[in-house]
Amino acid sequence: MGQPRLTGGRLPDAPGPPASSPLLPPGRRRWLLLLLFIMLALWLCMVYSCVAGSCASTAPGLMLLGSSPSARKAPGPELNQLLLPARTAKIQLRAEPENDEDEDDEELGGGGSSSSNNNGPAPDSPSFISSFLNGSGTKRLPQAVIIGVKKGGTRALLEFLRVHPDVRAVGAEPHFFDRNYERGLTWYRELMPRTLDGQITMEKTPSYFVTKEAPARISSMSKDTKLIVVVRDPVTRAISDYTQTLSKKPDIPSFESLTFKNRTTGLIDTSWSAIQIGIYAKHLENWLLYFPLGQILFVSGERLISDPAGELGRVQDFLGLKRIITDKHFYFNKTKGFPCLKKAEGSSKPHCLGKTKGRTHPDIDQKVIQRLREFYRPFNMKFYQMTGHDFGWD
């Protein structure tokens, strides 16, 4: 009595907790794994595209783009905290204040229209993935430096080069080897962008070319540094230099009065920086004391306008880069009078240099221009001999 009965020769199952069911049915687990796999594949594809330099054209719907240049300059605190937590703890590069010696306010095409129409919208902000990747890599001292010349076309060259996925460059001019050398190489390195293996770090400060101490200082950093000099007809360059100063200081004396020590005798005032910079042979002699000629590339400012792809091909060869920047990257802007990028770095939209590029040059007395050509001719001839290249200014 009270004992369980046999059913079919077996004792009934002992009471116990019910068996637990699986967390997810097998079918749903397979779908979840497939979804995770697809998301991982998309992420890897985007990372690969960004490393190759084409973030803006890959999966635009998945990228976080800013809506204005001001948003790029002052990103929200939430985004900064997500991307670069230690960003504010590091030394940042601050743009040099504008003055007559700064090159950033240069125009590439002399005597072009003063219209501020860029013939195309401003480039997009960097994508979220691109910004994320900027926090990776290593900060290195530059392997190549654009050292001159002011008003030669250095800003255009740098912007064109930044299209290349293997070139990373500082946007503003560091002025390390002429104004900030006492801050030390550690400070200088902190200004540089992070680079991955195989990428080149660059900067441009055109005043280096005319700074007496710069060659020795750059050589002390690295004797293997590659140097690039963008040169331009020294007469046109001097007028362009004056035009920039005039835009900031409308009350300065006339170009003619600044050019001559004595107008009657035709004596040129070589102490005026606008004149002195164009004596290229004199400045080059100082650089050749520290660097072999083969380590310096001379880019024609005129050809940078007439044949940008050709000059960029020479630059890419000099830097040991694959020729990626070609004719397909440029279009000629008739309003500004010089070539613009069809697709700027980190953007899928056209981009021209700013409204300060392509200012209208003032009318200069042709007799003054002729006297300047006579003055520069012997220096130009010597420069042609030193470089082994006739730039055709005479």
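**Notebook: a parallel sheet and two helices**

I began with the pairing of β2 and β6, and found that these strands run parallel and are joined by 4 bridges. I note that I am working from a predicted model.

Next I looked up a single position in that pairing. Val145 stands opposite Leu227 of β6. On the β5 side, the bridge partner of Val145 is Glu203. I then checked the pairing of β2 with β5 as a whole: strand β5 covers residues 200-204, and 3 bridges join β5 to β2 in the parallel sense.

Is β2 enclosed or open to the outside? I looked up the burial of strand β2, residues 144-148, and 5 of the 5 residues are buried, so β2 is largely enclosed by the rest of the structure. The cut-off for buried is under 20% relative accessible area.

I moved on to β6, residues 226-231, and its pairing with β9. These two strands are parallel, with 5 bridges between them. Leu227, which stands opposite Val145 of β2, has Ile296 as its bridge partner in β9.

I then wrote down the whole sheet. What is the strand order? I read β3-β5-β2-β6-β9, an open sheet of 5 strands with parallel pairing. Its edge strands are β3 (167-169) and β9 (296-300), each of which pairs on one side only. From one strand to the next, the twist averages 25°.

After the sheet I turned to the helices. Helix α11 (residues 280-287) packs with helix α14 (residues 366-387) at an angle of about 35°, and I noted 8 Å between their axes. Which residues make this contact? From α11 I listed Tyr280, Ala281, Leu284 and Glu285, and from α14 Phe379, Lys382, Phe383, Met386 and Thr387. I sorted the residues of this contact by kind and got 6 nonpolar, 1 polar and 2 charged.

My last entry is on Ile369, which also lies in helix α14. Why does Ile369 count as buried? Its relative accessible area is 14%, and the cut-off for buried is under 20%. Leaving out residues up to four places away in sequence, I found that Ile369 touches Val235, Ile239 and Ile364. I also checked Ile369 against Glu256: the two are 113 residues apart along the chain, and their C-alpha atoms are separated by 9.2 Å.

Note on methods: Residues are numbered from 1 along each chain as its sequence is written. This is a predicted model: local features need pLDDT of at least 70, side-chain atom pairs count only at pLDDT 80 or more; totals for chains, interfaces and linings use all residues. Side-chain values use heavy atoms; hydrogens and water are left out. Axes are lines fitted to C-alpha atoms, for helices over the stretch in contact, and angles run from 0 to 180 degrees between N-to-C directions. Contact means heavy atoms within 4.5 Å. Ala, Val, Leu, Ile, Met, Phe, Trp, Tyr, Cys and Pro count as nonpolar, Asp, Glu, Lys and Arg as charged, and the others, Gly among them, as polar. Two strands pair if DSSP finds at least two bridges between them. Buried means under 20% relative accessible area, exposed over 50%, partly exposed in between (1.4 Å probe, protein chains only).
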